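Good morning, and thank you for coming. Please look at the structure on the screen while I take you through a few of its features.

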Amino acid sequence: MFWLIAYVIALIAAAGILSERSRAPVRARVLFALAVLAVPFVLQTFGWMLLGDEPHDLIAAQLGLLSYVIGPILVAWYFLYRYPLPASARHAPKLKSFRLAIGAWHRHILILGFMAFVVVGMGATYNPLTQWAYDRVGQHNLENEVVRAKLADQHFDIPMRYFVIDAYVPRGYWPRAKNRRVDVGALSIYVLLPDLRPFYPEEKHLWNLEGGGRGDRVRVTIWEDDFSKSNVKTLRARAAESGEPLAPETAKTYGVDRHNEDVEALLYARRLRLFPRDESEAWFITCASPKDVPSPSCRMKTAFRPGIALEKTFGLEYLPDWRRIATKSERLVDSLAVEGANP
């Protein structure tokens, strides 16, 4: 029944239009009353069709203001314009206050509309009141909301706390998840090293949310991708043809063991490329040069399941731990997969 609060302007306007016996005949009053009641749903439906089912919060607030406030007021204004008071009714005693009365319905919707603008304006800006409300609601969403996704015929149920960068950071509070399973082509979650744990408010200072480097944060992206050993073979051949072997000083800069028999290291396009020497493995790693960026990171892509690949992005200083990061990431994604699709 919460929608009735937003619908109050339309209800008052419809009742007021029906009461205007001196302005218009019954048929006109009924048609305009129905139009006032219908316009919020029409505008809301049309807005969802244009914006999708999950627009930005500010856009959703503006759509609600248009649908439930501006739309009904415009229809009511047109009714008053289309059917002015007859001369005999213009000299009737007029109300001098905004007290509730059928005869003053047009005043009621104007003052309620003004109040709606104020409320929406305050709710759409960051101020102490809205921040307090966002914190209360966001804390509940952080602890209870679950993002349900479908990727390459695999279902995932992921708690909201894994989406700190994509959900919390852009808004400043934790949003609600969609109430249905969403079909996606990629999905990114964020965890902290060394145990790949998700966000907890008491550890906010460890996440480096203000920028300036990745820190201990790892992004694990689940891709709908047929990544395989043949892709790794092609990438290795390209890097070997146009790249160059890793010099001792450069290897030291990246923290790479040049004598590791399991890994082949090359420099290609000013980036470090690591490939498995065992052709039965399907993975590769690329790292930015410390000379090119102030906070270099590495990206590791691995085959995970048929039609699904994993991509792990972490700070360059954690490159020596790449195998442990890869193993734990795969276990984490496995734990977030649910039954109902491919095992």
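Let me begin with a definition: a residue counts as buried under 20% relative accessible area, as exposed over 50%, and as partly exposed in between. Please also keep in mind that the model before you is predicted.

With that definition, we may turn to a loop. Which residue with a relative accessible area of 47% is partly exposed? That residue is D153; its value lies between the two cut-offs, and D153 is therefore classed as partly exposed. A152, by contrast, has a relative accessibility of 16% and therefore counts as buried. A152 belongs to the loop that links β1, residues 146–151, with β2, residues 154–159, and D153 is found in the loop between β1 and β2 as well.

The backbone here also deserves attention. A152 has a phi near 55°, which is a positive value in a residue other than glycine. For D153, phi is near 65°, again positive in a residue that is not glycine. As a general rule, most residues other than glycine have a negative phi, and most peptide bonds are trans.

The second part of that rule leads us to another loop. The peptide bond joining L193 and P194 is cis, with an omega of about 10°. P194 lies in the loop between β4 and β5.

Those two strands bring us to the sheet. It is an open sheet of 8 strands, paired in the antiparallel sense, and its order is β4-β5-β11-β10-β9-β8-β7-β6. Why is one side of β4 and of β6 left without a neighbour in the sheet? The reason is that β4 (186–192) and β6 (244–245) stand at the edges, where each has a single partner strand. Within the sheet, β5, residues 217–224, pairs with β11, residues 308–315, in the antiparallel sense over 6 bridges. In this pairing, T221 stands opposite E311 of β11.

Finally, let us consider two helices. The axes of α2, residues 8–19, and α3, residues 26–51, come within 8 Å and cross at roughly 175°. An angle over 145 degrees counts as roughly antiparallel, so α2 is roughly antiparallel to α3. Residues of α2 in this contact include A10, L11 and I17, and those of α3 include R29, F32 and L37. By class, the contact of α2 with α3 has 12 nonpolar residues, no polar residues and 1 charged residue.

Thank you for your attention.

Terms used
Residues are numbered from 1 along each chain as its sequence is written. This is a predicted model: local features need pLDDT of at least 70, side-chain atom pairs count only at pLDDT 80 or more; totals for chains, interfaces and linings use all residues. Side-chain values use heavy atoms; hydrogens and water are left out. Two strands pair if DSSP finds at least two bridges between them. Helices (H or I, at least four residues) and strands (E, at least two) are DSSP runs, numbered from the N terminus. Axes are lines fitted to C-alpha atoms, for helices over the stretch in contact, and angles run from 0 to 180 degrees between N-to-C directions. Angles under 35 degrees count as roughly parallel, over 145 as roughly antiparallel, 65 to 115 as roughly perpendicular and the rest as oblique. Contact means heavy atoms within 4.5 Å. Ala, Val, Leu, Ile, Met, Phe, Trp, Tyr, Cys and Pro count as nonpolar, Asp, Glu, Lys and Arg as charged, and the others, Gly among them, as polar. Buried means under 20% relative accessible area, exposed over 50%, partly exposed in between (1.4 Å probe, protein chains only).
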